[in-house]
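Subject: Handing over a structure

Dear colleague,

I am passing on the structure we spoke about, with the sequence alongside. Please have it open while you read the notes underneath.

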Amino acid sequence: MSTPTHIHRERAGDRRPDKHDPGTLSEESWAVHGGNRGDGGTGAIRTPIVMANSYRLPYDPTTLDETDHDTLVYTRESGANQLTLQAKLAAAEHGEAAAVFATGMAALHGCFFSLLNPGDHVIVSNVVYMRVFGLFDSLLPRKFGIEVDFVDITDLDAVRAAVRPNTRLVHTEVIANPDLRVADIPALARIAHDAGALLTVDSTFTPPPLLRPLDHGADLVIHSLTKYINGHGDAMGGAVIGDRATVDEIKAGPMVHAGGAISPFNAWLIMRGSVTLPLRLRQHCDNALAIATFLAHDPRVAHVSYPGLPDDPHHTRATSQLDGGYGGVVSFAIAGDHEDRVRFVNDLKVITSAVSLGHDETLIAYDRHPEERAVAFSPIYQRHGLIRLAVGLESGDDLIADLDAALTTTYGPAH
Ligand SMILES: Cc1ncc(COP(=O)(O)O)c(C=O)c1O
């Protein structure tokens, strides 16, 4: 990530930079200024937190357009902080519009609820975040008659073979939680579009500037804002970004009627956190690569997954799509028995045992039975469990020393 990527490469550079025009700004500048309009009332240079539930109606309220969810009326439908965050995210992902929700799961559910009808068929990556797996494994088929095939998303022939006449959607994560397999977004977009279906991409592990799935053919991109985009582990949120008509439909349905609105305070926190996203991603990616390299060379470690490692099976596919790094999550397995692995995790002194990722602090989560929450797992993770390390912003040297010391407590020195 040494050279900053530009929001619109062809336009940046030949126009005078304007902080309100993403087309003229570099990545870092848009991260700082995007969506921020200040406050006309007080003159504050940052959009303040507006905790009001409702906004003054026009002189004649009947002139309001019921289908316009960007006019400030009622905070479940649109709030000042929600609008600024939506504007920032839409431009950052090269989309026309964004809808933000209370959580990543609300955004994902909102997207599927809006796009799918009873009897529709969906092809879903067989390794996805466990709650998304649950949505497709049980809730959507049981409640709405959605037909689902879980497929190894890295096997394009298998994806093609799964297409049915009623296939409406292909859904994947770019880098899958938790085994870090990497999807080929342009190839999946071609398969989906040839089938008359849409491609939805959860890009939570690869926020801009690492990847912009819409530029690679995806129809909608979804984020858990809870993770890297907020980046400080103190607010939850989710977003769906894409073309205006589809995003408007998602706002009209799940956001307005199902009521998954983000709180103004969380939207404001996420705006503030996102200011440093490009800077933070560099440290997340550099640290993760250093740690993955350390683990890959350590004889006490049974297996490491990280697409940034040259001999990772997904390295080439990741390199062809990602710009500036391979993300901040490293998954690995250590030998020994269950008690050894629990001891290792609890012996860490810098790294915290907790779920989530994309936080400033490094988090580790040991999952003894990952295969119960996804369809396909490599035998090594089935045998040893999977340890997901969500690498944070601390010094990489401190993190490696912490891992080394805890491995030594459990297994003795490496050599
Ligand atoms: C890839 C991915 N998508 C979506 C989610 C859900 O986001 P949230 O926890 O904000 O609902 C998560 C949560 O871990 C995730 O890892």
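The notes below go from the domains to the two sheets, and then to the core and one helix pair.

Please bear in mind throughout that this is a predicted model. The protein is divided into domain 1, covering residues 49-274, and domain 2, covering residues 278-411. The C-alpha centres of these two domains lie 27 Å apart, and 27 residues of domain 1 are in contact with 34 residues of domain 2.

One open sheet is built from seven strands, which follow the order β1-β7-β6-β5-β4-β2-β3 with mixed pairing. At its edges stand β1 (97-101) and β3 (147-151), each of which has a single partner strand, so one side of each is left without a neighbour in the sheet. From one strand to the next the twist averages 20°. Within this sheet, β5 (residues 198-202) and β6 (residues 220-224) are paired in the parallel sense over three bridges, and Thr-200 has Leu-220 of β6 as its bridge partner. Helix α2 (residues 80-92) packs on the sheet, where it touches β1 and β7 (238-242), and the direction of α2 makes about 130° with that of β1.

A further open sheet has five strands in the order β8-β9-β12-β11-β10, again with mixed pairing. Its edge strands are β8 (301-305) and β10 (352-353), each pairing on one side only. Strand β12 (residues 386-390) pairs with β9 (residues 329-334) in the antiparallel sense over four bridges, and with β11, also in the antiparallel sense, over five bridges. On the β9 pairing, Val-330 stands opposite Leu-389 of β12, while Phe-332 has Ile-387 of β12 as its bridge partner; for Ala-365, the bridge partner in β12 is Arg-388. Strand β12 is mostly covered, with five of its five residues buried: Leu-386, Arg-388 and Ala-390 point one way from the strand and Ile-387 and Leu-389 the other way, and all are buried.

Two helices pack on this five-stranded sheet. Helix α9 (residues 277-296) packs on the sheet and touches β8, β9 and β12, its direction making about 15° with that of β9. Helix α11 (residues 338-347) touches β9, β10 and β11 (363-367), and its direction makes about 170° with that of β11.

The largest nonpolar core contains 115 residues, of which Ala-98, Leu-188, Ala-239, Val-240, Ala-288 and Val-330 touch the most other members. Helix α9 gives the most to this core, with eight residues. Domain 1 and domain 2 both give residues to the core, so it lies between them. If you would like a single residue from which to begin, Val-330 touches Ala-288, Ile-291, Ala-292, Leu-295, Val-304, Tyr-306, Leu-389 and Val-391, leaving aside residues up to four places away in sequence.

Finally, there is a helix pair to look at. The axes of α3 (residues 104-115) and α7 (residues 244-258) come within 9 Å and cross at roughly 115°, and the crossing is right-handed. On the α3 side the contact is made by His-109, Gly-110, Cys-111, Phe-113 and Ser-114, and on the α7 side by Glu-249, Ile-250, Gly-253, Pro-254, Met-255 and Ala-258.

With best wishes

Note on methods
Residues numbered from 1 in each chain as written. Predicted model: local features only at pLDDT ≥ 70, side-chain atom pairs only at ≥ 80, totals over all residues. Pairing = 2+ DSSP bridges. Contact = placed C-beta atoms within 7 Å. Axes fitted to C-alpha atoms, helices over the stretch in contact; angles between N-to-C directions. Core = buried A, V, L, I, M, F, W, Y, C linked by C-beta atoms within 7 Å. Buried ≥ 20, exposed ≤ 12 C-beta atoms within 10 Å, placed from the backbone. Domains from an automatic or database assignment. Left-handed = near helix turned anticlockwise from the far one by under 90°.
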